[in-house]
Amino acid sequence: MVDVKGRWAFITGAARGIGYRAALFMAEHGCNLIVHGRTPAHCEKVVAEAKALGVQAYAVSAEFSDISQVEKMLADIDALGVTVDIVLNNAGIQVAYRTEYLDTPASDYTESFKINTIAPMMITYHFLEKMGKTGFGRIVNTTSGIRLEPEQAGYSASKAALDKVTMDLASKYNGTDICINITDPGWCRTDLGGPHAPNDPDSALPGVVVGAFIDDKKSGRNFAAGNFHGMTLEEAVKKAESDIPVYTGSIGL
């Protein structure tokens, strides 16, 4: 299992929900943090709590629908002069639930793809180049288990696209110490998931972060949080390395 103490992790959407919990989980294990929110003020709480756990923490901000803001955010991170070893792309948006799904507007797709697909992939490419130079890295992109719901077409399509490009990219790194995988937190009671979701957001741990701790040099797997619910981190890493198959062409398999 990778020891993350003293390493740096960049976590998007860390001001609340799953990202907030993932950030504090990493801090509890000694990992320094760069946390993203839509504004710096949104991240004040998580930064303060992370520092109270004895790690370094910085906040950066960007609206992911604006790629120029994403680019500036990445430049701001580079300016910190630290080596980012771990990236947890958690931020996302569910633009609407369309009961009249045949009236789904094109904007549902364009907004969803900008935030849920393009922004995380620009982040992924940026840090992969740097990880290639150090020979180490862990990237975990957040997916969704939504299936057969045209009411959420923009969201589900953007996540399916993120799955595909992440897994295709992962094939280039499988067998190296740069591991790229996806995670599905499950339907949780967060601002995105809504109050009627069946799962407490705490149930997403340790599953959503297990990809940061694996040490078997395998890329291209889906670490669905429900598979790890109730486990210790050590148990979760063991299961992730032994039981979760590498992608072979169909996300559903």
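Student: In β7, which residue is the bridge partner of Asp 184?
Tutor: Keep in mind that this is a predicted model. Strands β6 and β7 run parallel, joined by three bridges. Within β7, Asp 184 has as its bridge partner Ala 224.

Student: How many of the residues of β6 are buried?
Tutor: Take one side of the strand, with Ile 178, Ile 180, Ile 182 and Asp 184, all buried. The other side has Cys 179, Asn 181 and Thr 183, and they are buried too. Both faces are therefore covered, given that buried means under 20% relative accessible area. For β6, the count of buried residues is seven of seven.

Student: Why do the residues of a strand fall on two sides?
Tutor: Start with β6, where Ile 178 and Ile 180 are among the residues on one side, and Cys 179 is on the other. The reason is a general one: in a regular strand, the side chains go to the two faces of the sheet in alternation.

Student: Which residue in β6 stands opposite Gly 137?
Tutor: Strands β5 and β6 run parallel. Six bridges join them. Opposite Gly 137, in β6, stands Ile 178.

Student: Which helix belongs to the right-handed β-α-β unit with β5 and β6?
Tutor: Look along the chain after β5, where a loop leads to a helix at residues 153–170. That helix joins β5 and β6 in a right-handed β-α-β unit. Its name is α5.

Student: In β5, which residue is the bridge partner of Asn 89?
Tutor: Strand β4 covers residues 84–89 and β5 covers 137–142. The two run parallel, with four bridges between them. The partner of Asn 89 in β5 is Asn 141.

Student: Through which helix does the chain cross from β4 to β5?
Tutor: β4 and β5 are joined by four bridges. The chain goes from one to the other in a right-handed β-α-β crossover. The helix in this crossover, residues 106–134, is α4.

Student: In β4, which residue is the bridge partner of Phe 10?
Tutor: β4 also pairs with strand β1, residues 8–11, in the parallel sense over four bridges. β4 is mostly covered, with six of its six residues buried. Phe 10 has its bridge partner in β4, and that is Val 87.

Student: Which element supplies the largest share of the lining of the largest cavity?
Tutor: The count comes to one cavity of 30 Å³ or more. Three elements, α1 (17–28), β4 and β5, each give at least two residues to the lining. The largest share is three residues, and they come from α1.

Student: How do the lining residues of the largest cavity divide into nonpolar, polar and charged?
Tutor: The cavity holds about 70 Å³ of space. Its lining includes Ile 11, Ala 22, Asn 89, Thr 183 and Val 209. The division is seven nonpolar, five polar and no charged.

Student: Is His 36 buried or exposed?
Tutor: His 36 is found in strand β2, residues 32–37. Its side chain reaches the backbone oxygen of Ala 62 at 3.0 Å. The relative accessibility of His 36 is 3%, and the cut-off is under 20%, so His 36 is buried.

Student: How many Å separate the C-alpha atoms of Phe 64 and Lys 133?
Tutor: Phe 64 lies in the loop between β3 (57–61) and α3 (67–79). At 5% relative accessibility, Phe 64 counts as buried. Phe 64 and Lys 133 are 69 residues apart along the chain, and their C-alpha atoms are separated by 27 Å.

Student: Is Leu 148 buried or exposed?
Tutor: Leu 148 sits in the loop between β5 and α5. Its phi is positive, about 60°, although Leu 148 is not a glycine. Its relative accessibility is 84%, and exposed means over 50%, so Leu 148 is exposed.

Student: What is the relative accessibility of Lys 217?
Tutor: Lys 217 has a positive phi of about 60° and is not a glycine. It is found in the loop between β6 and β7. Lys 217 counts as partly exposed, because its relative accessibility is 35%.

Student: What is omega for the cis peptide bond between Leu 205 and Pro 206?
Tutor: Pro 206 is found in the loop between β6 (178–184) and β7 (222–224). A cis peptide bond joins Leu 205 to Pro 206, and its omega is about 5°.

Definitions and conventions. Residues are numbered from 1 along each chain as its sequence is written. This is a predicted model: local features need pLDDT of at least 70, side-chain atom pairs count only at pLDDT 80 or more; totals for chains, interfaces and linings use all residues. Side-chain values use heavy atoms; hydrogens and water are left out. On a 1 Å grid over the protein atoms alone, a cavity is a set of points where a 1.4 Å probe fits but cannot get out, and a pocket is an open set with protein on both sides within 12 Å along at least five of seven lines; lining residues have an atom within 4 Å of a point. Grid points are joined across faces, edges and corners, and a volume is the space filled by probe spheres set on the points. Ala, Val, Leu, Ile, Met, Phe, Trp, Tyr, Cys and Pro count as nonpolar, Asp, Glu, Lys and Arg as charged, and the others, Gly among them, as polar. Buried means under 20% relative accessible area, exposed over 50%, partly exposed in between (1.4 Å probe, protein chains only). A polar contact is a pair of N or O atoms within 3.5 Å; within protein, one must be able to donate a hydrogen and the other to accept it, and residues adjacent in sequence count only if both atoms are side-chain atoms. Two strands pair if DSSP finds at least two bridges between them. A crossover is right-handed if, with the strands pointing away from the viewer, the path from the first strand over the helix to the second runs clockwise.
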